[in-house]
Amino acid sequence: MRIVSGKYKGRRITAPKQLPVRPTTDMAKEALFNILNNQYYFDDISVLDLFSGTGNISYEFASRGTEQITAVDANYGCIKFINQTAESFDMPITTIKSDVYKFLEKSKLKHDIIFADPPYGFEVEEFSKIPKLVFENQLLLDEGLLIVEHSKHTKLDELEYFSYSKSYGGNMFSFFENETSE
């Protein structure tokens, strides 16, 4: 995987093969950040990266100037890899080893963008817990956005707070926001 834009544009990051991950493709990541670039100043926002895996999305935000990034993953190997990579690039990424659902239930911090990239094999019921917890616990700031990455075969458009989705190859991003944000 490589960093698509910003301070570390073009830098390659190689994750250990034993990590249970499926990094977002460069094409999908570039398309996602083109959308976000029209809505946010990256150096002014707070980002929460759920099911962060290799930290691919966190690195992209950091490369673009975001200084408040929290990466959450239940896998110790993933957290260790993100910490090592963030340190080597001097990126402001805080990691938390936790089950994502438990983290969302307890967290009180609000963010501009919450990105979630759960396993593609999740059932819709497992995906649906993410926006439910984010919005019930008011974890987004005003004009905040929840983005859930999933397979194009998974349909999340019936979930509460769904706004729109974009498809890139086999990847899909579903965007969720408060009704008042529209």
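This is a chat between a visitor and a guide about the predicted model shown above.

Visitor: Before we start, what kind of model is this, and how are residues numbered?
Guide: It is a predicted model, in which local features need pLDDT of at least 70 and side-chain atom pairs count only at pLDDT 80 or more, while totals for chains, interfaces and linings use all residues. Residues are numbered from 1 along each chain as its sequence is written, and side-chain values use heavy atoms, with hydrogens and water left out.

Visitor: OK, what is the strand order in the sheet?
Guide: The open sheet has seven strands in the order 3-2-1-4-5-7-6, with mixed pairing; strands here are DSSP runs of E with at least two residues, helices are runs of H or I with at least four, and both are numbered from the N terminus. Two strands pair if DSSP finds at least two bridges between them.

Visitor: And which strands are at the edges?
Guide: Strand 3 (93–97) and strand 6 (162–168) are the edge strands, each pairing on one side only. On average, neighbouring strands of this sheet are turned by 15° against each other, direction ignored.

Visitor: What does "mixed" look like in actual pairs?
Guide: In general, strands of a sheet pair through backbone hydrogen bonds, either parallel or antiparallel. Strand 2 and strand 3 run parallel and are joined by five bridges, with Val 72 standing opposite Ile 96 in strand 3. Strand 5 and strand 7 run antiparallel and are joined by six bridges, and there Ile 147 stands opposite Phe 175 in strand 7.

Visitor: What sort of unit do strand 2, helix 3 and strand 3 make?
Guide: They make a right-handed β-α-β unit, where right-handed means that, with the strands pointing away from the viewer, the path from the first strand over the helix to the second runs clockwise.

Visitor: Which strands do helices 1 and 2 lie across?
Guide: Helix 1 (residues 26–37) lies across strand 4, strand 5, strand 6 and strand 7, and runs at about 140° to strand 6. Helix 2 lies across strand 1 (46–50), strand 2 (68–73), strand 3 and strand 4, at about 175° to strand 2. Such angles run from 0 to 180 degrees between N-to-C directions, using axes that are lines fitted to C-alpha atoms, for helices over the stretch in contact.

Visitor: Switching to helix 5, how does its span compare with what it should be?
Guide: At 1.5 Å a residue, the 13 residues of helix 5 (residues 124–136) should span 18 Å, and the end C-alpha atoms are 18 Å apart, which agrees; the expected span is 1.5 Å times one less than the number of residues.

Visitor: Which of its residues are buried, and what do they pack against?
Guide: Phe 127, Ile 130, Pro 131, Leu 133, Val 134 and Phe 135 are buried in helix 5, where buried means under 20% relative accessible area, exposed means over 50%, and partly exposed lies in between (1.4 Å probe, protein chains only). The buried residues of helix 5 pack against helix 4 (100–106), strand 4 (111–116), strand 5 (140–151) and strand 7 (171–176). Just after helix 5, Gln 138 takes a positive phi of about 50°.

Visitor: Is His 111 buried or exposed, and what does its side chain touch?
Guide: His 111, which lies in strand 4, is buried, with a relative accessible area of 3%. A polar contact of 2.8 Å joins the side chains of His 111 and Ser 46; a polar contact is a pair of N or O atoms within 3.5 Å, and within protein one must be able to donate a hydrogen and the other to accept it, while residues adjacent in sequence count only if both atoms are side-chain atoms.

Visitor: What about Ser 63, where is it found?
Guide: Ser 63 is found in helix 2 (residues 56–63), and at 4% relative accessibility it counts as buried. A polar atom of the Ser 63 side chain lies 2.7 Å from the backbone oxygen of Ser 5. Leaving aside neighbours within four places in sequence, Ser 63 is in contact (heavy atoms within 4.5 Å) with residues including Ile 3, Gly 6 and Tyr 8.

Visitor: Last one, where is Arg 2 and what does its side chain join?
Guide: Arg 2 is found in the segment before helix 1 and is partly exposed, with a relative accessible area of 24%. A polar contact of 3.2 Å joins the side chains of Arg 2 and Asp 26. Arg 2 and Glu 60 are 58 residues apart in sequence and 9.0 Å apart in space, C-alpha to C-alpha.
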